[in-house]
Amino acid sequence: MAANNIGIVYRKELREALRDRRTLISTIVMPLLLFPVMSVGFGYMAVILVGQAKKETPKVMIVGGADSPEVVAGLKKVENIEVVPTTENWKEQIVGKEIRAAVEIPVNFQGDVAAQKMDTVKIYIYENELKSSFAADKIQEYMTKYSDSVVKERLAAKNVSDKVLKPFEVKQENVAPAEKVSAAAFGGLIGYMVIFLCLSGGMYPAMDLTAGEKERGTMETILSSPISRMHLVLGKFLLVLTASLATAALSVLSMGISFSALHHFTTNSGSSRGEAAAFLLNLGPKVVFSVFIMVLPLAVLFSAALMTISLFAKSYKEAQSYITPLMFLVIIPAVAAMLPGVELTPKLALVPVLNMSLLCKELVASTYHWNYIAIIFASTCVYATAALFIAIKMFQRESVLFRS
Amino acid sequence: MIEARSLSKSFHDKKRGVIRAVDNVTFSAQPGKIYGLLGANGAGKTTTLRMLATILEPTDGTAIVCGHDVVEAPEKVRACVGFLSTATALYPRLTAQEMVEYFGRLNGLDEPTLKKRIDEIFTRLDMNGFRDRRCDKLSTGMKQKTSIARTLVHDPPVMIFDEPTLGLDIMTARTITAFIRECRDLGKTVIFSTHIMSEVEKLCDTIGIIQSGKLLTEGTLAELRAKHGEQDLEEIFVKVVAPHYVAQGEN
């Protein structure tokens, strides 16, 4: 009987939701369109930006150096930078981005080098500006090479092997599989997207089924029917949960399709987008499935919380202003999990949303820490049960249902 | 059959403290009769009827509706009550038929019975022309008929109408009053609230006058005339209510 009643409410709410343009847009159209548009937009921008960067060779100036012709000639031969005639206002030109860097050669530089007197070559840059640092790197590279050759000459003059300066070598080598490396970069994003979309997918139906029902005056109608309030709230809750999960599932689907399409078009550019696509293709159904299983209790928590909050409101508008703070509460921990260096600890495993976001990062990298999975799943289930319990209690309070 | 026993409801208001919206109301309504609850706005009519329909829970006292206690078995009470008010709207995105079907199912009707009931009601209320039209596309009159069909689908022995004609034009209002009479003729227990004197004079077998949550007087129209020495119901109403109305104003 209970399941039957909940089913009647659920089927009716589903029928209404499928006829509601606003719900359809927020649950189905938005997630399906968001990713293709986003990735095409990014792809397009990336192509344009890369093209521009390739076209432009950074201009640099050489300050001084009249008495060091070899160094100046060497600098002029460096590839991928263009040495332009020096002007008085070279500093302003760097700030104005007309030239990207300048190198100052001290007076009598080559003479000092020959006399083994230490000088300082200064490179002037626009800090944190990509093209400026690119130009500076090229100059630095050349100067380092020059310095090395001087060292070699001096050692040779004294009949000493240049190995004296380098007793041993240090090298870093990656042992993590490629999928885990890319997961570290993109895994956080997937968890964040799924979590955020779970919330945004349930948002509209939650408001429609509670505050919307009050606004349209159907609350009193439904309360006069024999269905118990608990069955009513559970039927409504199941619809919000369905919308929440449908949005998340459609988004992942759309994300996969659009990234793989983008990958197809940009294979040769070797951009990070292409890597992202390759990585998503490597995800496989197992990872997607486990992310969804883990997100399920979180979707329950969101759906129940959204319903409880919007039940207080008398209208959509009021409900929206109550839900906005909740959005921030969810976005902040989800974003925090994307920060480098934030990793699961037993304490963080108890923080809702943050724990799930961190876990998704691990799952995407195919790392299964069963202890954490158990703690996070169990704790989220506890929070979800509590939220659902509160939603049911609220639905039985006259002061909430008939707030005026 | 409805029996209100010391029915009371208090609300807590931040500014005004505890408000006794319904205060110790006792009366009974019989099958095949219409009981009219007459009162000004804010007199406690809606709260009383909502408690009888178990939409609100009494803070004190109780009521027995078709043999079930509103506090102890609210779901059983709702199953034998049809509740209609101008506040009970329809779901805009359901068709007239889906709306009535939904309430039939919530009342536990099986599908063959439901289909039979709906065909019967839609024919009787002349609703077949718009049964597949969405409720937000219906005219006010069509909406009222759909609401009536919704309250009737489970054939309840008790009908509760809370200011059913409020804000309706005269023709639509007549559909409702005709429907109320029909319910009485079918032997249902009918209770309705209004602040319109003429409706009460035309429809009611028993009249109760309510003000400040208290049932001040009760009886047939003839009994009220004899008791208060006035012929006109409006005069009777003013005579009964006036002292309490002032008292409320002074609070």
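**Figure 1. B:V158 and its partner across the strands.** In this predicted model, B:V158 sits opposite B:T189, a residue of strand 8 of chain B. That pair belongs to a longer match-up: strand 7 and strand 8 of chain B run parallel and are joined by five bridges. On to strand 3 of chain B, and there are five bridges again, with strand 3 and strand 8 running parallel. Here B:I34 has B:V190 of strand 8 as its bridge partner.

**Figure 2. A look at strand 8 of chain B, residues 189–194.** How many of the six residues of this strand are buried? Six of the six are, so strand 8 is largely enclosed by the rest of the structure. In a regular strand, side chains alternate between the two faces of the sheet. Strand 8 of chain B shows two sets: B:T189, B:I191 and B:S193 point one way, while B:V190, B:F192 and B:T194 point the other. Whichever way they point, all of these residues are buried.

**Figure 3. The whole sheet of chain B.** Let's step back to see where those strands belong. Six strands of chain B make an open sheet, in the order 6-7-8-3-9-10, and their pairing is mixed. The edges are strand 6 (81–85) and strand 10 (214–219) of chain B, each of which pairs on one side only. From one strand to the next, the twist averages 15 degrees. Strand 3 (residues 34–38) and strand 9 (residues 206–211) of chain B run parallel, and four bridges hook them up. One spot to find there is B:L37, whose bridge partner in strand 9 is B:G208.

**Figure 4. Two helices lying across the sheet strands.** Helix 5 of chain B, residues 140–152, lies across strand 6 and strand 7 (158–162) of chain B. Its angle to strand 6 is about 160 degrees. Helix 8 of chain B, residues 221–228, lies across strand 9 and strand 10 of chain B. Helix 8 runs at about 105 degrees to strand 10.

**Figure 5. B:D155, a residue with a positive phi.** Just where is B:D155? Look in the loop between helix 5 and strand 7 of chain B. Most residues other than glycine have a negative phi. B:D155 is not a glycine, yet its phi is positive, at about 50 degrees. With 15 other C-beta atoms within 10 Å, B:D155 counts as partly exposed.

**Figure 6. A:N108, a positive phi in chain A.** This one is in the loop between strand 3 (101–105) and helix 5 (109–114) of chain A. The phi of A:N108 is near 55 degrees, a positive value in a residue other than glycine. Is A:N108 buried or partly exposed? A:N108 is partly exposed, because it has 16 C-beta neighbours inside 10 Å and being buried takes 20 or more.

**Figure 7. The two domains of chain B.** Chain B splits into domain 1 (9–17 + 27–80 + 157–251) and domain 2 (90–155). Their centres, taken over C-alpha atoms, are 26 Å apart. Where the domains meet, eight residues of domain 1 are in contact with eight residues of domain 2. On the domain 1 side, helix 6 (residues 170–185) of chain B brings the largest share, five residues. That side of domain 1 has six nonpolar residues, two polar and no charged ones.

**Figure 8. Where chain B touches chain A.** Here 22 residues of chain B are in contact with 17 residues of chain A. On the chain B side, the elements giving two or more residues are helix 2 (74–79), strand 6 and helix 3 (96–106). Which of them gives the most? Helix 3 of chain B does, with four residues. Sorted by class, the chain B side has 14 nonpolar, three polar and five charged residues.

**Figure 9. Inside the nonpolar cores.** The largest nonpolar core has 139 residues, and A:I195 and B:L52 have the most contacts inside it. Helix 11 (residues 272–312) of chain A supplies the largest share of this core, 14 residues. Zoom in on A:I195 and, leaving out residues up to four places away in sequence, you'll find it touching A:V295, A:L298, A:V330, A:A334, A:V353, A:M356 and A:S357. There's also a second, separate core of 19 residues, including A:V60, A:I62, A:I81 and A:I139.

Conventions
Residues are numbered from 1 along each chain as its sequence is written. Chains are lettered from A and ligands numbered from 1 in the order in which they are written. This is a predicted model: local features need pLDDT of at least 70, side-chain atom pairs count only at pLDDT 80 or more; totals for chains, interfaces and linings use all residues. Two strands pair if DSSP finds at least two bridges between them. Axes are lines fitted to C-alpha atoms, for helices over the stretch in contact, and angles run from 0 to 180 degrees between N-to-C directions. Two residues are in contact if their C-beta atoms, placed from the backbone, lie within 7 Å. Ala, Val, Leu, Ile, Met, Phe, Trp, Tyr, Cys and Pro count as nonpolar, Asp, Glu, Lys and Arg as charged, and the others, Gly among them, as polar. Domain bounds come from an automatic or database domain assignment. A nonpolar core is a set of buried Ala, Val, Leu, Ile, Met, Phe, Trp, Tyr and Cys residues joined through C-beta atoms within 7 Å. A residue is buried if 20 or more other C-beta atoms lie within 10 Å of its own, exposed if 12 or fewer, and partly exposed in between; C-beta atoms are placed from the backbone.
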